[in-house]
Amino acid sequence: MSGPERRTIHMSHYQGGTLKDKLDQGDQVFKTVEDFVNTYVEDNSKRRPIKKMLVATNGIAAVRCILSIRKLLMQLFRNDRIIKFICLTTEQEIRSNAEYLKLADHFVFSPGGDNRNNYANVEEIVNHAVEKEVDAVWAGWGHASENPELPKQLAARGIVFIGPPCNAMFSLGDKIASTIIAQIKASEGGGGKGIRKCKNEGDFKENFVQVQTEVPGSPIFIMKCVENARHIEVQLIADRYENVIPVFTRDCSIQRRCQKIIEEAPASIAPKETLRRMQEDAVKIAKLVGYESAGTVEYMYLPDEDKYFFLELNPRLQVEHPCTEMLASINIPAIQMQIAMGLPLNRITDIRLFYGLDRYGTTPLPDEIVLTDTEYSVIAARITSEDPEDFFRPSTGSVEVLNFRSAQNVWGYFSVSSAGKVHEFADSQFGHLFARGRTRHEAVSVLLCALQELELRASFSSQVSYLVDMLKEPDFTENRFNTQWLDNRIANKVLQKAPLPKHEMIAISSAVIGHARVATAFNNFKNAVERGQVLPTKDLTETFLFDLVKDMSIYKVTVTRSGPLNYIVTLNGGKTQVEIRLLGDGSLLVTHQERSYTCNLEETSDKFKVTIGRSIVVFEKDNDPTILKSPYTGKLLSYKKQNREWVTVGSVYASVESMKLVFNVEVKKAPGRLEHVAKEGDLLYPGSVIARLVDQKDGEKYKPKPFLEAFPEWAEFSENERVLPETKRHNMCYDMCLNILNGSIPPGADFSMDALVDELFSYLESPTLPHALFKQSLSSMVNRLPEKFSSRIKEIVKIESIDNFSLVKAILDEYFASLSHTEWETAKAVCNMVYHICERFENGILSNTGYVLNSLLSEYKQCEKFFEGRVYDDAVALLNEEFGTNKDRVVAMIYSHTQLKGKNKLMLALFKAIEERGTHLVVPLAENLREIGNMFHTDEVCNQARQLLLQNSRIKYRKFLNKIIWDIEKISLAERDSKEVLSVNDAVSKLRSIFVQMMDSGISPKEMLNTSPWTHKVIHEFFFDDKLADFAIRAYIGLHFAVDDVTCTALSCANHDAKVYDFFVDNSNLVHYMISPSIDSNQYLSIIKLSVNKDNFAQAITHENLINSLVTKFSECGIKSNGIRSQLRVTLLVNVIQEKVPVQSKEGHREAQLEEVPSHSDHDNLIVAEAEDAAIVIRDALAKKLIAVDILTHVLVCSPCKPLTQVDLLGAERMELWRLPQEARLVSNRLSNLNVL
């Protein structure tokens, strides 16, 4: 006999009418609930207006009830508060910040603790219902929802129970009573509670006790276990008029501990004909017992045999009912309420639309009520507080962040939100996600995206990542699973896949933990400063070493903060950089190797839990296998092993009750002899010690081992960084220098400061960097300027030239001048970056170099100035005074100072690079160098800063020698840049040849001096030359005095090399008025040239024979008193005979070669000092013999290939020492001396 004709019906919309009819179907809005009930319920005896409802459940059930029914209320009444929702709650629910409490209109309290005190307590629920005079009670699922006593007592008090009547519930809800219909299984459990699989007699004895514990007082029975089956169920809806309809099927075969975790609709494993029969049979069962409201018939289906067996009819709404809602576009809780009010199915809008009927009609439902064809596939995933790495152990804890964004084909709801809590008496399920697609594959894909985008940060573990892995398993995608599949997967310890490669997981986790350690250290120090305490700085550090233990490996990492955002992670010689930014909600945005994740850290006494994106990575702090800790919050029920009994890995040694379930606790890491610690009945928390293992054999092999490898991926990525644009590399290099001067010194930086500074100068000297920086900033500005300005700028930058910067700056200045005051602020924001770059390069690359170097010197100076000449406590007081409430800045300065040694290494490297490139760089840095030169606590940095200033003030002897040659050779200024820079020795030799040729050609000494304005700087080189000595000395005299009568005679003394040049001057023949003679006085000048050995320098020039020879000479010249005292000026030019030491001239930068400072030694200083002393001795000796003459003496040391370092015969005073002694102290803001050589 053929069955009734089947037809495919398009759900959720009315088929007939025009487009206008579909848009406007005469929507009805009612003023009162009574109006609505009277309109739709013809049988007056069945009319039950509901205006006040007690929601006698918690968690997602309560949330679902209120949200679903309010959606209908807004549609019917334009007032979703027309029905008052009163929620039953407990103190634990209040403290957990339960989501349904935010939706409730009012709430009533019941005793806390186990649900037998509240949600499963019929008397408690009924009392509240009566007290609050509610019209109806909605019990959702679980708790008292299947207890027939609840509808019975409510009915006796005239209160509607939104669900089946008590007789139907007794027949179906009581598992043993339901075997009258189909002999399958029993117990008052549900949701996985009170069900155990037994393979042998031992299992039975143990599991029987656990079932008794989970469902106290419930009858217990045995039923056959069906294996390799699928769990398929049919959604039923029945009214009070004996109308029952099926609404498709669901496949709930993915279960752990007989509790569903993944649900699908429709069931796709069975043929369409089988699904139709399942629905038809479900309707028959419901009608047989007089069922009412929503219910579910469950079957066990054997795919290989295409057979199904009745399991039970659940007389309540199932957790997974939204799967059917998404498939059929209906609202089941709202339908339940309408049925409770007395509406027949054919008057409920969602049901009519489901069958393609007009929205507000009264026609009966079609004869064919079984539908199998659907346009969609739906899949759902339960979100629970369970740890998939520990056999899906449920746990409690707080929810810090929970973010989920519903979309067109995916939505979800949760019983808690951010700042909520899953408490010990709550169900482990706190969320449910649903996804829809045109095919099963599409629906699964949508759900995968939803799971991966779910942001959940909580103190407990969740199975979200595990579900993602599971949904990608071939067995699941190809529909090859059964009800034991997930349990077998768990038993076989198939763990979730590592969310990240190991190298990335370690890098990110280490950086996140290091960031937390650094933040804690600095915050603790800041708190102390705010309290007025001055702590020692030993705990103020940016480097932390710690161990991460995972999968029996110990990762010994070092984390160093190397900048405000950067952290260096070091492991086994390898290192990598991680960037961390703090988000507004307190989480971290972490970037490693061009991949970014939102991360968080939860640290307990024994582990680190790092959230990386949507994944959680757990590291142990210690891994002592002898300590057996509780992973649960709950109660220790019993020990399964005797005290001092030997246990092996995998042995069950105790049982614990947690979240209404009983769990076995196993030995996981190592065998040993069990020693009880906790007592049976003790309350346990995660980390509580239950027992210890003693008398372990080979205990070391069970302990984790150090991870000794380096991650090659870290090194590979560092190599790849070299392909970055020049502007990016320049910024990174500059930032690193700046960070070091702020105290953030990367590991190994102490040994690479020179390389870092060389890299910095390579960018500063790059001819392409200015234009690259310019283009980068110009692109975002130029099109936002008025056309008359932007067109000019575009025209200028067509050709790259260093002149562009000054030209563009001039245009921007013109643009700014044309603006009003209000417009100027906006324009400044637009143009600021370009204008700043123009200023930096306006005078060429050198000006930018000065800008960058000054910024680095200022960074160093701004910190260290607070510590100059002050003890630590006084420096901190000054910092507090300077920065006031900004204690972060105070702490940063203090920390920076603690890193002075490392900072000094960078400063010395900078000074070295400046010196190598030429002291022309010193001029723009002079002010900062002067201030740093006064910071004597900086040790060598202070000295080097002063040395740079001193060197800059000295004559560039090599430059003068080369300039003289280029002047004589008439080399133009343009050509000189390409000319070779001769060393000092080579230049002196070349000049000698030139001067000899001049002398031989008859050129006078005066004419020779006029060949270059710098000749007088080097003329002393030839005072003792065999050919040029007389020529050079006469030229030297002629440089300052217009005299022709210069006599040269040999000095009669032991030193036969001595010669004397004598001449007389008065005011008329002074070329330079450096000496101010008295009126009418006779000025007698004498220059004595002699050579002495370096070993007896002082003795030789102060020898009695020399003094007597001079006295004799000057007496013979007739210098005597004639009423007017004569003045005698005696200059000794001394050639110190010593072994020639070759001087190595600088190579490299041309400017540095030209500005090379002449060599100088301590021995040179000693000779000069002896010469100064000798001049005094000679003067005093002559004065004793020539009493009528005013005598002034000088001794000039003439060293080959070196400038004169003393006052010559025309010098009035010594301007500066060769160098400042280390013990000197500058008291002004400028150098107190100058060195003019």
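**Exercise 1. Place the ring of F248 and describe its pairing with F354.**

Start with burial: F248 counts as buried because its relative accessibility is 2% (buried means under 20% relative accessible area, exposed over 50%, partly exposed in between, with a 1.4 Å probe and protein chains only). Before going on, note that this is a predicted model, where local features need pLDDT of at least 70, side-chain atom pairs count only at pLDDT 80 or more, and totals for chains, interfaces and linings use all residues. Residues are numbered from 1 along each chain as its sequence is written, and side-chain values use heavy atoms, with hydrogens and water left out.

Next, the pairing rule: rings of Phe, Tyr and Trp (its six-membered ring) pair if their centres lie within 6.5 Å; planes under 30 degrees apart are stacked, over 60 edge-to-face, and the rest tilted. That rule gives 32 aromatic pairs. F248 and F354 make one that is edge-to-face, with 5.6 Å centre to centre and 90° between the planes. F248 sits in strand 7 (residues 244-256) and F354 in helix 13 (residues 349-354), so the pair ties together parts 106 residues apart in sequence. Helices here are DSSP runs of H or I with at least four residues, strands are runs of E with at least two, and both are numbered from the N terminus. Finally, F354 is buried too, at a relative accessible area of 1%.

**Exercise 2. Classify the F774 and F805 pair, then look for a ring cluster.**

The two rings are 5.0 Å apart centre to centre with 55° between the planes, which makes the F774 and F805 pair tilted. As for location, F774 belongs to helix 22 (residues 769-778) and F805 to helix 24 (residues 804-817), so parts 31 residues apart in sequence get tied together. Both F774 and F805 are buried. For the cluster, ring pairs link F789, Y815, F816, W824 and Y835.

**Exercise 3. Find the arginines that sit over rings.**

The test is geometric: NZ of Lys or CZ of Arg has to be within 6 Å of the ring centre and within 35 degrees of the ring normal. R436 lies over the face of Y376, 4.2 Å from the ring centre. R440 does likewise over F476, at 4.7 Å from the ring centre.

**Exercise 4. Work out the span and surroundings of helix 20.**

Take the 16 residues of helix 20 (residues 726-741) and the expected 1.5 Å a residue: that gives 22 Å, and the helix reaches 23 Å from its first C-alpha to its last. The expected span is 1.5 Å times one less than the number of residues. Buried residues of helix 20 include H730, C733, Y734 and C737. After helix 20 comes G743, with a positive phi near 100°.

**Exercise 5. Trace the neighbours of I332.**

I332 is in helix 12 (residues 332-341). With 1% relative accessibility, I332 counts as buried. Leaving out residues up to four places away in sequence, I332 touches Q235, A294, L317, H321 and E325 (contact means heavy atoms within 4.5 Å). The C-alpha atoms of I332 and D350 are 8.9 Å apart, with their positions 18 residues apart along the chain.

**Exercise 6. Order the strands of the sheet containing strand 14.**

The open sheet has 3 strands in the order 16-14-18, paired antiparallel. Strand 16 (421-422) and strand 18 (455-458) are the edges, each pairing on one side only. Strands 14 (residues 397-403) and 16 are joined by 2 bridges, and pairing requires at least two bridges found by DSSP. In strand 16, V422 is the bridge partner of G397.
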